[in-house]
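Here is a short tour for anyone meeting this structure for the first time. We'll look at its pockets, then at its cysteines.

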Amino acid sequence: MLQDPTKEGRFGEFGGRFVPETLVPACMELEAAFKDAWADSLFRTELNDLLRDYVGRPSIITECHNLGAQLGIRLLLKREDLNHTGSHKINNVLGQVLLAKRMGKKRIVAETGAGQHGVASATAAALLGLECKVYMGEVDVKRQALNVFRMRLLGAEVVPAMSGSRTLKDAVNEAMRDWVASVESTYYAIGSVMGPHPYPWIVRTFQSVIGDEARVQCRDLLNGEDPDVVVACVGGGSNAIGIFSGFVDTDARLIGVEPAGGAAVGRGVPGVVHGMRSYLMQDEYGQVQEAHSISAGLDYPGVGPEHSHLASIGRAEYPSVTDAEVIEGFQLLSRTEGIIPALECAHAVAWISREAKSMQGKTVLMNLSGRGDKDVAQMMDILGPTL
Ligand SMILES: *Cc1c(COP(=O)(O)O)cnc(C)c1O
């Protein structure tokens with residue numbers, strides 16, 4: 001089990017609650033409501049029923065016999081790509097939207113980058129009967145027209161964020177601003193293990209279902225043993241912390257793979273952004289830098305504070321891979337196993353394939369955080385229609 005944060009929301013020297021005075025009561029209200037809900041078996045049962053009957057949990061584990069043999073390792077995939085809406089994001093969003101209802105909120109606001117968290121939020125709001133407004137950088141609105149239309153189909157309002165670089169970090173700022181102005185009626189559903197306390201803790205708790213399931217499933221499959229290595233991609237870090245939570249107290253190596261152009265842990269320095277202290281890509285003047293990655297879902301200049309903590313105590317490692325390696329990884333899993341991964345988790349495939357020679361004979365568990373359908377058009381542009 002991962003440790004709970006301190007009362008101040010710290011994971012070691014990271015995390016905390018760096019928000020304007022006006023948001024402190026909202027954060028405290030949320031923290032109290034979450035603790036109360038998580039201790040209530042009725043809430044837990046309602047969430048578990050939705051995860052089973054709507055999302056399709058537990059997600060299965062698939063052993064990759066072909067790719068494993070080719071790489072000289074035993075390779076297991078935790079199939080979050082098979083969830084309703086195609087990724088792990090729905091685990092968190094259903095938990096938070098249920099919590100919002102319990103708190104008597106009528107309206108959800110959310111930020112989204114590539115659109116995946118926006119679509120999951122719109123989905124949960126449609127199911128549970130709440131209004132939903134999604135802030136999305138204007139640049140991303142243009143790049144992700146299909147996901148924008150999807151959110152509108154699901155009944156959500158999509159608002160382009162026009163400030164700053166008009167991408168994800170600006171969408172977070174505008175969603176927070178909306179929340180401050182309408183906190184009585186509004187719940188802010190954050191999409192990853194980031195933001196001010198208690199968000200990183202709430203999102204981790206809802207995503208820990210991945211690790212809880214995977215640990216039991218692996219022990220079944222491996223005659224009571226745990227995998228040697230557990231690998232996931234890291235944007236904000238929610239799918240990674242979800243699977244790590246099941247293995248942090250085993251001997252498994254924990255690997256969070258970052259994009260080379262957004263290596264917050266690998267190349268960042270501690271700083272404050274979006275209400276938290278964490279590793280962050282900054283320029284020489286302390287300004288937050290833009291992240292660049294082939295996969296829009298990993299374009300975040302920061303990382304969840306608990307990952308900064310796990311890195312600083314040496315419990316988890318955060319290597320990075322290049323876009324070129326990701327393009328290879330995307331094709332490798334498709335061709336050898338018949339599974340087209342999301343570009344985000346193709347980062348994890350790329351790392352495994354690059355490092356396999358140092359893991360011969362080991363068992364590697366990878367979190368397949370999402371399916372690749374959303375990325376096929378982009379890959380067709382890169383690889384050409386005839387491949
Ligand atoms: C959003 C997304 C990610 C990145 O978010 P994390 O919080 O780091 O998990 C990774 N994979 C997929 C499929 C996503 O949609």
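The largest pocket takes at least three lining residues from each of two domains, domain 1 (11–50 + 89–199) and domain 2 (58–87 + 208–386). Keep in mind that this is a predicted model. The space inside that pocket comes to about 670 Å³, and 27 residues line it. If you want to find its centre, look for Gln116, Gln144, Asn147, Lys374 and Asp375, the lining residues that lie nearest to it.

Which elements give two or more residues to the lining of the largest pocket? They are helix H5 (116–128), helix H7 (145–153) and helix H15 (376–383). H7 gives the most, with four residues. As for chemistry, the lining of the largest pocket splits into nine nonpolar, ten polar and eight charged residues.

Now for the second largest pocket. Where does it lie relative to the two domains? It sits between them, because domain 1 (11–50 + 89–199) and domain 2 (58–87 + 208–386) both give residues to its lining. Its space is about 310 Å³, and its lining is made of 17 residues. Nearest its centre you'll find Met1, Asp4, Arg204, Thr205 and Ser208.

Two helices, H1 (24–38) and H9 (199–221), each supply at least two residues of that lining. H9 gives the most to the second largest pocket, with seven residues. Sorted by class, the lining there has six nonpolar, five polar and six charged residues.

Here are the two pockets side by side:

| Pocket | Space | Lining residues | Helix that gives the most |
|---|---|---|---|
| Largest pocket | about 670 Å³ | 27 residues | H7, four residues |
| Second largest pocket | about 310 Å³ | 17 residues | H9, seven residues |

On to the cysteines. How many disulfides does a search of the whole structure find? The count is zero. A disulfide is a covalent bond between the sulfur atoms of two cysteines. For Cys27, the closest cysteine sulfur is in Cys132, and at 20 Å that is too far for a bond. To count as a disulfide, the two sulfur atoms would have to be within 2.5 Å. Seen from the other end, Cys132 is in no disulfide either, with the sulfur of Cys27 as its nearest cysteine sulfur, 20 Å away.

Are these two cysteines buried or exposed? Cys27 counts as buried because its relative accessibility is 0%. Cys132 has 8% relative accessibility, so Cys132 counts as buried too; the cut-off for buried is under 20%.

How values were computed. Residues are numbered from 1 along each chain as its sequence is written. This is a predicted model: local features need pLDDT of at least 70, side-chain atom pairs count only at pLDDT 80 or more; totals for chains, interfaces and linings use all residues. Side-chain values use heavy atoms; hydrogens and water are left out. Buried means under 20% relative accessible area, exposed over 50%, partly exposed in between (1.4 Å probe, protein chains only). On a 1 Å grid over the protein atoms alone, a cavity is a set of points where a 1.4 Å probe fits but cannot get out, and a pocket is an open set with protein on both sides within 12 Å along at least five of seven lines; lining residues have an atom within 4 Å of a point. Grid points are joined across faces, edges and corners, and a volume is the space filled by probe spheres set on the points. Ala, Val, Leu, Ile, Met, Phe, Trp, Tyr, Cys and Pro count as nonpolar, Asp, Glu, Lys and Arg as charged, and the others, Gly among them, as polar. Domain bounds come from an automatic or database domain assignment.
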